[in-house]
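Me: Please take a close look at the cavities in this model and at what surrounds them. A plain account of the lining will do.

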Amino acid sequence: MEAAPLPSCPSTPRWNVERPFLTGRFHQETKGASRLAGTKGLSLDSFSPGIDKAIGCYDAAVQELIVIDNLMSALVGIEGQYILIKRVHGKEDEITFQIDASMDLALQERAKWIFPLCESYLLIDQFVESRSQFKSGVVNHAFAAALRALLLDYQAMVAQLEHQFRLGKLSIQGLWFYCQPLMGSMQALSTVVKKASANNFTGSAVLNLLQSQAKAMAGDSAVRSLLEKMTHCASNAYLGILERWVYEGVIDDPYGEFFIAENKSLHKESLTQDYDAKYWRQRYSLKEGIPSFLANIAGTILTTGKYLNVMRECGHNVQVPSSKNSKLMNFGSNHQYLECIKAAYDFASSELLNLIKEKYDLMGKLRSLKHYLLLDQGDFLVHFTDIARDELTKKLDEISVEKLQSLLDLALRTTAAAADPCHEDLTCCVERSSLLKTLGNLKDLGTRAFPDNNDLEEPMSITGLETFSLSYKVQWPLSIVISKKALTKYQLIFRFLFHCKHVDRQLCGAWQVHQGVRALNMRGTAIPRSALLCRSMLKFINSLLHYLTFEVLEPNWHMMYNKMQTAKSIDEVIQYHDLFLDKCLKECLLLLPELLKKVERLKLVCLQYAAASQWLISSSIDIPKLEEPSDVSLRSEKSKQWRSRSQSQAVKMMTQNTTVTESILKFEREFNAELQSLGPILSSNSQAEPYLTHLAQWILGIRNDQ
């Protein structure tokens with residue numbers, strides 16, 4: 001939750017402060033000023049201006065009339081001749097009443113009984129005046145308006161009492177009788193306004209204070225009913241803001257009181273540009289100070305407005321259907337407001353989900369990503385690799401991305417991918433670092449024990465084959481689900497699969513070379529041993545690819561697809577999609593650095609072997625060409641001549657050139673050593689990560705075959 005600064009508010013005109021006769025306190029201020037001017041030389045008995053006699057000079061009956069008259073003024077915040085109102089400078093909520101000491105003691109005591117009501121009126125009246133300013137916010141405005149209406153009734157009661165007094169029908173005991181029922185209510189309200197003023201409460205803090213005070217007055221039904229009425233009146237303005245948010249997705253909050261903040265610096269374009277884009281999580285966020293009656297449903301309220309905003313950003317104007325029962329004007333014990341919010345959430349959620357699934361074809365885009373970045377349909381990639389081989393084998397600085405893009409477009413148009421309407425969204429890119437270093441840079445993936453970037457050394461001969469990747473153009477609102485972060489995870493999986501496919505193709509080329517010399521009698525040479533090593537390497541890389549595609553990607557994809565069919569909201573879709581990617585990253589070994597580095601090392605040995613074996617064997621032996629004469633007898637005779645000549649030549653060259661044998665034996669030892677070290681790591685990790693069990697069995701099976 002974040003605390004947002006209050007927006008700028010209109011200021012109260014200076015004349016409303018400088019001209020005291022418009023503030024409601026001019027009686028006290030003018031009398032106080034004139035009294036201070038004439039206090040010099042006055043005795044304690046003559047402290048009041050214009051008074052020649054102390055009240056004690058009169059008999060008890062006259063004193064009672066004077067006290068009642070003064071109390072009538074004090075009840076509406078006006079000083080009398082013998083009852084003065086004292087305020088402590090700098091402490092507006094501390095008010096005391098001073099009585100002429102010569103007053104009859106019985107009358108003094110009765111007057112003191114009524115002083116708390118007078119004090120409560122002054123505090124409430126002062127709160128109403130101060131909280132009616134713009135900066136106080138709509139909740140304080142509504143609360144002050146409710147208090148003002150209450151004070152009008154109170155002043156009407158005082159006027160009626162004064163009328164009775166003028167008719168000679170009111171004694172001080174009668175005055176206390178009529179004032180006593182109001183004491184509890186007015187004191188409870190004065191307690192609320194004192195706390196609100198002392199803490200400068202606004203918005204939800206005022207509502208929470210009123211609710212807590214109402215609960216604290218459970219024993220006094222009249223006071224509790226009054227506080228609940230005040231809470232209802234004060235909350236109307238707040239519920240109006242809430243209603244616009246959950247029904248229209250609009251924050252109509254001029255004074256920053258709503259518990260949802262909008263960060264306008266975050267734009268939806270960042271979802272496709274920034275890996276750590278915070279748009280979806282922080283464009284709208286919860287602030288501190290949530291009303292207690294909305295605390296349990298604040299997340300639902302936030303999400304409802306977010307969904308409506310997405311649809312508005314798409315140009316899809318939608319408003320939650322309203323009815324008489326959908327007005328959020330009360331949060332009483334019937335909890336109707338909760339049902340209204342839940343209905344608004346269900347509507348917004350289903351509308352947005354249908355919009356993204358139907359109009360923007362979310363599942364079609366995800367299937368397209370599966371085809372291209374998870375190599376579900378790899379015919380285009382085979383064609384692309386064939387025509388882009390020369391460009392991909394260059395160093396990073398020499399690669400032309402534009403040429404690769406044109407070759408990719410050609411491969412897409414000339415294969416089955418041309419039937420996919422989404423193939424035009426596919427683009428290519430060349431990363432600037434190896435897969436291991438890229439994973440090390442992404443600290444939020446939860447990788448275990450990945451070395452620091454300083455410890456990751458880039459291979460000197462890194463080419464486009466290690467850094468080539470595909471990208472995908474994603475438009476709003478699909479970028480909510482397929483964000484830059486999600487697309488980066490797809491690319492990591494693609495790079496790993498693409499390089500595995502490249503290793504497989506190279507080993508297949510080496511195997512074809514071995515098959516080309518299979519007809520020769522190579523006993524006693526290293527070529528049969530090389531063929532066995534090539535077969536073991538092929539079995540390893542094929543087992544790895546089978547595990548990645550059929551044990552990881554396909555099952556997890558179908559699991560995600562089935563969950564998305566039952567998703568109730570876009571947040572559930574995002575959750576299932578992110579869970580799918582994270583699980584695939586982990587099960588594809590990309591989040592297990594120790595295993596990944598071993599696999600990368602094995603792939604490197606396979607590539608080195610494939611390059612060496614193709615060059616050594618093809619340069620040592622002449623392979624018969626297929627473009628021989630079509631005559632069967634002539635071709636048979638040529639083949640016999642070639643075999644006899646080639647066999648003698650091959651034996652001679654292989655016996656003389658011991659470098660070939662030593663190189664093959666070196667590759668065999670290195671491959672077997674890496675494979676043997678990988679086996680125990682897989683076995684130990686498979687106990688904590690059960691999904692590695694099948695891969696461990698295949699790897700151990702390759703080792704046992706040898």
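Reply: A helix here is a DSSP run of H or I with at least four residues, numbered from the N terminus. The model is predicted.

Rolling a probe the size of a water molecule over the atoms shows where empty space is left. In this model, four cavities of 30 Å³ or more are counted.

The largest cavity holds about 90 Å³ of space. Two helices, α9 (279-282) and α10 (298-313), each give at least two residues to the lining of the largest cavity. α10 has the largest share of that lining, with four residues. Lys-306, Asn-309, Val-310 and Glu-313 are the lining residues within the range of α10. Tyr-279 and Trp-280 lie within the range of α9. Arg-283, Tyr-284 and Trp-476 also line the largest cavity. By class, its lining has five nonpolar residues, one polar and three charged. The polar one is Asn-309, and the charged ones are Arg-283, Lys-306 and Glu-313.

The second largest cavity contains about 40 Å³ of space. Thr-385, Arg-389, Leu-465, His-502, Arg-505 and Gln-506 line this second cavity. Here α18 supplies the largest share, three residues. The lining of the second largest cavity divides into one nonpolar, three polar and two charged residues. Leu-465 is the nonpolar one, while Arg-389 and Arg-505 are the charged ones.

Thr-385 leads from the second cavity to helix α13. This helix spans residues 379-387, and Thr-385 is buried in it along with Phe-380, Leu-381 and Phe-384. Viewed down the axis of α13, the buried residues fall within an arc of 130 degrees, so they line one face of the helix. Among the elements that cover the buried residues of α13 are α18 (484-516), α14 (389-392) and α12 (362-372). The cover also includes α15 (401-413) and the strands β5 (426-430) and β6 (468-472). α18 thus appears in two places: in the cover of the buried residues of α13 and in the lining of the second largest cavity.

One further buried residue can be set beside these. Ser-185 is in helix α6, residues 172-199. Ser-185 counts as buried because its relative accessible area is 15%, and the cut-off is under 20%. Leaving out residues up to four places away in sequence, Ser-185 touches Val-223 and Leu-226.

Note on methods:
Residues are numbered from 1 along each chain as its sequence is written. This is a predicted model: local features need pLDDT of at least 70, side-chain atom pairs count only at pLDDT 80 or more; totals for chains, interfaces and linings use all residues. Side-chain values use heavy atoms; hydrogens and water are left out. Buried means under 20% relative accessible area, exposed over 50%, partly exposed in between (1.4 Å probe, protein chains only). Contact means heavy atoms within 4.5 Å. The arc is that of the directions from the helix axis to the C-beta atoms. On a 1 Å grid over the protein atoms alone, a cavity is a set of points where a 1.4 Å probe fits but cannot get out, and a pocket is an open set with protein on both sides within 12 Å along at least five of seven lines; lining residues have an atom within 4 Å of a point. Grid points are joined across faces, edges and corners, and a volume is the space filled by probe spheres set on the points.
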